[in-house]
Amino acid sequence: MTIPWTPHRTEFEFRRLSGLLGPGVPVAATLSAWDAGEPELALEDLVDQLSDHHTPLLRADRAALLDLAEALGVSAGATSALRWCPDLEAAEEWWWEVENSPRATAIASELLREIAPGHPLHGIPLTPWLECGACDDVLVRLDDENARTGRTPYRIAVIHPTWSRHPETPPSPVASVYDQALHALDQLETCFHSTPNKD
């Protein structure tokens, strides 16, 4: 039997799920939107905050967020956004965030060595963002001048470093460039699910 989404249950679930945000994430605006009678906006903001901070989620919490989003009519955006939140119950994570970490520094240094003149990404500053747990692929943000100044959106690339510690002959290291980050995430997900012995 499905429990109906009464106003009381809806608010209770929203406030409980807001508690999933980390301590450094501002939740006041999200709660204010709810209190102002804009539950759809509040839930969209909550899901965006969870997504932006790659907040790991239990499957039950992910399902509750998606159920609430469906009840409020914002399920399409929530489904896409929550893909950026790792599964806390997965046997192995298929990606993890590396941005602003020592690992990101190591990846950026290696890519700087490997990407030689003639490679499509040569000379473009790259910010490592995610690393795949099933292979050596990394998802990076292309920090070109137009994106930094807001004239164009950031593009995303999935690169397979060789870890050779020397310049490679283009087109190595192999790279795929995407205009939408979710398409890059699709590539990482395909890699993970195509690797033997992964559930």
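A salt bridge, as the word is used here, is a side-chain nitrogen of Lys or Arg within 4 Å of a carboxyl oxygen of Asp or Glu. Keep that in mind, since we'll follow several of these pairs through the fold. What you're looking at is a predicted model, so local features need pLDDT of at least 70 and side-chain atom pairs count only at pLDDT 80 or more, while totals for chains, interfaces and linings use all residues. Residues are numbered from 1 along each chain as its sequence is written, and side-chain values use heavy atoms, with hydrogens and water left out.

Let's start with the overall picture. The protein chain has eight helices and five strands; these are DSSP runs (helices are H or I with at least four residues, strands are E with at least two), numbered from the N terminus. Walk along the sequence and you meet them in the pattern α-α-α-α-α-β-α-β-β-α-β-β-α. The C-alpha trace spans about 60 × 45 × 25 Å along its principal axes.

Now for what is inside and what is outside. Of the 199 residues in the protein chain, 38% are buried. Buried means under 20% relative accessible area, exposed means over 50%, and partly exposed is in between, using a 1.4 Å probe and protein chains only. The accessible surface of the chain adds up to about 10800 Å², and carbon and sulfur atoms own 55% of that. Those areas come from the Shrake-Rupley method with a 1.4 Å probe, and for residues only the protein chains shown count as cover. As for contacts (heavy atoms within 4.5 Å), take those with a separation of 6 or more: 59% of them are between residues 24 or more positions apart.

Next, charges. The protein chain carries 14 positive and 31 negative side chains, and the centres of the two sets lie 4 Å apart. In this count Lys and Arg are positive and Asp and Glu negative, with His and the chain ends not counted. Each charge is placed at NZ of Lys, CZ of Arg, CG of Asp or CD of Glu. Some of the negative ones gather on the surface: E38, E40, E44, D48 and D52 form a negative patch. A patch is made of residues with over 30% relative accessible area and no salt bridge, with like charges joined within 9 Å and nonpolar side chains (Val, Leu, Ile, Met, Phe, Trp, Tyr) within 5 Å. One of its members, E44, sits in helix α3, residues 39-52, and is partly exposed at 38% relative accessible area.

Back to those pairs. Side chains of opposite charge can pair when their charged atoms come close. How many salt bridges does the structure hold? There are ten. In one of them, R141 meets E99, with N and O 3.3 Å apart. R141 lies in strand β3 (138-142) and E99 in the loop between β1 (95-97) and α6 (102-114), so this pair ties together parts that are 42 residues apart in sequence. E99 is partly exposed, at 22% relative accessibility. R141 also forms a salt bridge with D143, whose closest N and O atoms are 2.9 Å apart; D143 counts as buried at 10%.

Another bridge joins E131 and R103 at 2.7 Å, N to O. E131 belongs to strand β2 (residues 126-132) and R103 to helix α6, so the pair links parts that are 28 residues apart in sequence. Is E131 buried or exposed? E131 is buried, with a relative accessible area of 6%, whereas R103 is partly exposed at 35%. Elsewhere, E11, R15 and D35 are linked in a network of salt bridges.

Stay in helix α6 for a moment, where you'll also find A104. This residue is buried at 6% relative accessibility. Leaving out residues up to four places away in sequence, A104 touches V98, E99 and P128.

Finally, take a look at the backbone. N100, in the loop between β1 and α6, has a positive phi of about 65° although it is not a glycine, and N100 is exposed at 76%. The loop between β4 and β5 holds W163, another non-glycine with a positive phi, about 60°. The peptide bond from P170 to P171 is cis, with omega near 15°, and a cis bond also joins S172 and P173, with omega about -5°. P171 is in the loop between β4 (155-160) and β5 (174-178), and P173 is in the loop between β4 and β5 too.
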